[in-house]
Each structure stands twice: as structure tokens, then as C-alpha cells.
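Dear colleague,

Please find below the structure that I am handing over to you, together with its sequence. A summary of what was found in it follows.

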Amino acid sequence: TNPSVKALHLPTDRLDEACTKCIVMVIERDDVGPRIEDLHLSHIQGGDNDRDGRKHSEAPFIKIILALKQSIRIKKLSISETALNANEISAVASILYDTKSLRSLVLRQCGIDYKAASKISCALASNGSVQSFDFSNNPIGNRGVSALAVALEINTTIKKLKLSGTHLGIEGAVAIASVITNNSTLEVLDVSRNSIGDMGSSKIAVALKSNKSLRQLSLRQNYLSDVGAMCISLSLYDLKNLRAVLGCNHNIRYLNLSNNEVSRKCLLDIETARRMNLLESEKGTIRQKVAFFLSDPSNTSCFGDEITVKCMPNLLSAIGNTENATPLYHLVKNVNMPALFEPKPCTGTADSIFSIENGTTSSFGEKPAFPAYVEAGTCEPYSPL
């Protein structure tokens, strides 16, 4: 009867018929009981033997889950530390086809294998409401994540995906790379505590270069060495040439590579690359990366390179008004490329087009300071995934 209650937790409770009836009523009816928005179920006894050795029916669990089809208030469903059987998996999948209010689904440590994962993935493909999905600590394996990857190529609402501890290897990393490449809504991705290794990391690094939506990525505890970590670093900032700089990922702001065999020097390089992406806009990030690239005298010779010349118009389009592109104007003019610039008077200072979003300017050659944990050779998460 308390109207202020928003979350209902049912851990380790033995749900009898009377209790189940009350819970179902609260979920289904908008005019009865508190307005529950978060429903957490864990250690449900359904299907297993109870303390007295008697068989306990799975009906209470399924009744509660199916009641969500009629609910317009439940925003989050969390099921954890509960071994779900085939009927219960089918019940969970069925609500994904029908619900329009559910925003977050957590299925953590539920003993879900690849077959069950495939069934839930099929339902998720047609769902238009769930924005956060947590499959952590389930043995779905490479086959399970492959089915999920296909679903996410269709789904356009998932923004946060957690696949920590799901027994992924190189094949799973290929499926994750497919998600990164083809999904344009995913913003947070956690694939920590798996075994993707350096090969899997390289696949993900290639996919990152074409992704425009992802903001947070966790590859913690994935058996990466400096090789795999540098693949990720180069996907964020590659100094090979100007085309490489422009082809990097400009959106990843939080990157967790802790608990891997990565050296301190590599961590510093990764931190430099990550900090390049901390500006509010993609255009501002591109400006800063180009500024650092041009600040190195050894890189100015690249403007005589044919590949760079061909991509120059794309650069000018990306960074904005060419009239204010003073540094690039003079560099191009000095290597005799008048076709790329009309002879217009240059205005503004050399740093004007590389202004940081808060109004300050980025000085050429200025390197960002590193936090203490990077200096010490460790890497901590920047944001809770």
C-alpha cells in the first residue's frame, strides 16, 4: 500500500500461491498497490527441490514473468543467480515480443547456454523498447553471441550491452566486431572477462574505425598483450598519414583494458589516444587530432603524398570553413597545390580552427597529462559499464 515503493526485490523467497497472486495483481493493475518500476528476481525456487525435498512448481515464476505483458509500469526486469529451465526461458522471450514499456533486461548468471541465448536473441530482434541488455556470467559462448549479433543488426533500440564472462573467444570477437560495424545505436559495450586475445582485439579495432555511436568499451581481462592493445590504440589515433588520422574512431571516450598483460608504455599510448576523443563533438575531436598531427614537423612532408592530396577535400569538409583553415592553407600552398584552395585572404590565428569546445585553444604539440594510475603502469575503468 506504500505508493513511494518503486522497486520490488524477491531474493531467495519461496513464492507460494497467495504471494504470487498479490505480486501479479500489483504488476498487471495500474490502480492496485505501489507503482513498481523495477522488478528483481533471484534464487527463485521454481523447478528445483525446496528445503524439504519436495518439488516446487515453476508456475509462480512464469506467472510473474507473463504478467509483465500487461504491465505499463515495469521498466526494468532483473533475474540473477537463477538457473532458468526451457519453459522459463520461453516465458522471458515471450515478453520481449509483446512489451512496450520494458527498458532494461538483466539475465545475469542464469545458466543460459547458446540455445537459450538464440531464443532470447530472436525475440530481442523484434523488440522496440529495451535499451539495456545484460547477459553477463552466462555460458552462451561463441554460438550464442553470434545469434545475438544477428539480432542486433536488426534491433535499433539497444544502447547498452553487457557480455562479461560469457565464454567468448576469437569467433565471438568476430561477432562483436560485426555488431560494432553494423549497429548504429549501441553506446556502451562490455565484453570483459572473456578470452578474445590479440587476434580478437584486432578484429574489434578494425570495426571501431567505422563506428560512430559507441562511447564506452571494456576489454578488461581478455588475455591481451601489447599487440592487441596497440591495435585498439591505433583505431583511436593513427599517425601513419593524414588519411589514417581521419579514418580513426572519434567517439570512444571510456576504454578499460585493465587486467591484461599490457606494458606501461603501451598504456600511455592508449591514454593519449583516448584523451583525443574527450571533446563534446566529433568535429572538435577531428580538429584536435589534426592539430597534434601537424604539430610534428616530420608529418608536414606527408602533404606531398598523393594519397593525402586526394583526401584533402574530405579533411577540409570535416574541419569546417576553409577560409579559417590557416595552418592547412599555408601548408598546402607551400607544396604547390593551388587547386585545393581558392586564393582567398586568410583570417584568424593559427590555432583558431582547433579551438577546444569550452572556448580554450589547443596548442600545437601540447601533450595531455596522465593520471597517476597510468604513470604507475596500471589501467582502471573510466566509467562503470
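I begin with the cysteines. Cys-248 has a relative accessibility of 1% and therefore counts as buried. Please bear in mind throughout that this is a predicted model. Cys-266 is likewise classed as buried, at 3% relative accessibility. Its sulfur has the sulfur of Cys-231 as its closest cysteine counterpart, but the separation is 9.5 Å, too far for a bond. A pair would need its sulfur atoms within 2.5 Å to count as a disulfide, and by this rule the count for the structure is zero.

As to the overall architecture, the protein has 385 residues, 49% of which count as buried. Its secondary structure comprises 14 helices and nine strands. If one takes the contacts between residues at least 6 apart in sequence, 79% of them join residues at least 24 apart.

Turning to charged pairs, side chains of opposite charge can pair when their charged atoms come close. The structure holds six salt bridges, and three of the pairs are described here.

Which parts of the chain does the pair of Asp-134 and Arg-108 tie together? The side chains of these two residues meet in a salt bridge with an N to O distance of 2.5 Å. Asp-134 belongs to strand E5 (residues 132-134) and Arg-108 to strand E4 (residues 104-108), so the bridge ties together parts that are 26 residues apart in sequence. The surroundings of the partners are as follows: Asp-134 is buried, with a relative accessible area of 3%, whereas Arg-108 is partly exposed at 31%.

The second pair is found in helix H10 (residues 264-275), where Lys-265 and Asp-269 are four residues apart and are thus separated by about one helical turn. Their salt bridge has its closest N and O atoms 3.3 Å apart. Lys-265 is exposed, at 59% relative accessibility, and Asp-269 is partly exposed, at 29%.

The third pair, Glu-271 and Arg-275, also lies in helix H10, with a spacing of four residues, about one turn of the helix. Here the N to O distance of the salt bridge is 2.7 Å. Is Glu-271 buried or exposed? Glu-271 has a relative accessible area of 1% and is therefore buried, while Arg-275, at 25%, counts as partly exposed. Salt bridges with shared partners also bring in Arg-274, so that Glu-271, Arg-274 and Arg-275 form one network.

The next point concerns the packing of two helices. Two packed helices are described by the angle between their axes and the distance between the axes. For helix H1 (residues 17-28) and helix H2 (residues 59-67), the angle is about 10 degrees and the axes are 9 Å apart. Angles under 35 degrees count as roughly parallel, and H1 and H2 are therefore assigned to that class. On the H1 side the contact is made by Thr-20, Ile-23, Val-24, Ile-27 and Glu-28, and on the H2 side by Pro-60, Lys-63, Ile-64 and Ala-67. By character, the residues of this contact divide into six nonpolar, one polar and two charged.

Two individual residues complete the account. Leu-163 occupies the loop between strand E6 (160-162) and helix H6 (170-182). At 0% relative accessibility, Leu-163 counts as buried. Which residues does Leu-163 touch, apart from those up to four places away in sequence? They are Phe-135, Ser-136, Ile-140, Val-145, Leu-148, Ile-176, Asp-190, Val-191, Ser-192 and Asn-194. With Phe-135, the separation is 28 residues in sequence, and the C-alpha atoms are 5.3 Å apart in space.

The other residue, His-40, is part of strand E2 (residues 38-42). At 15% relative accessibility, His-40 is classed as buried, since the class covers values under 20%. Once neighbours within four places in sequence are set aside, the contacts of His-40 are with Leu-8, His-9, Leu-10, Lys-76 and Ser-78.

With kind regards

Key: Residues numbered from 1 in each chain as written. Predicted model: local features only at pLDDT ≥ 70, side-chain atom pairs only at ≥ 80, totals over all residues. Heavy atoms only, no water. Buried < 20%, exposed > 50% of the residue type's maximum accessible area, 1.4 Å probe, protein only. Salt bridge = Lys/Arg side-chain N within 4 Å of Asp/Glu carboxyl O. Helix = DSSP H or I, 4+ residues; strand = E, 2+ residues; numbered from the N terminus. Axes fitted to C-alpha atoms, helices over the stretch in contact; angles between N-to-C directions. Parallel < 35°, antiparallel > 145°, perpendicular 65-115°, else oblique. Contact = heavy atoms within 4.5 Å. Nonpolar A, V, L, I, M, F, W, Y, C, P; charged D, E, K, R; others polar.
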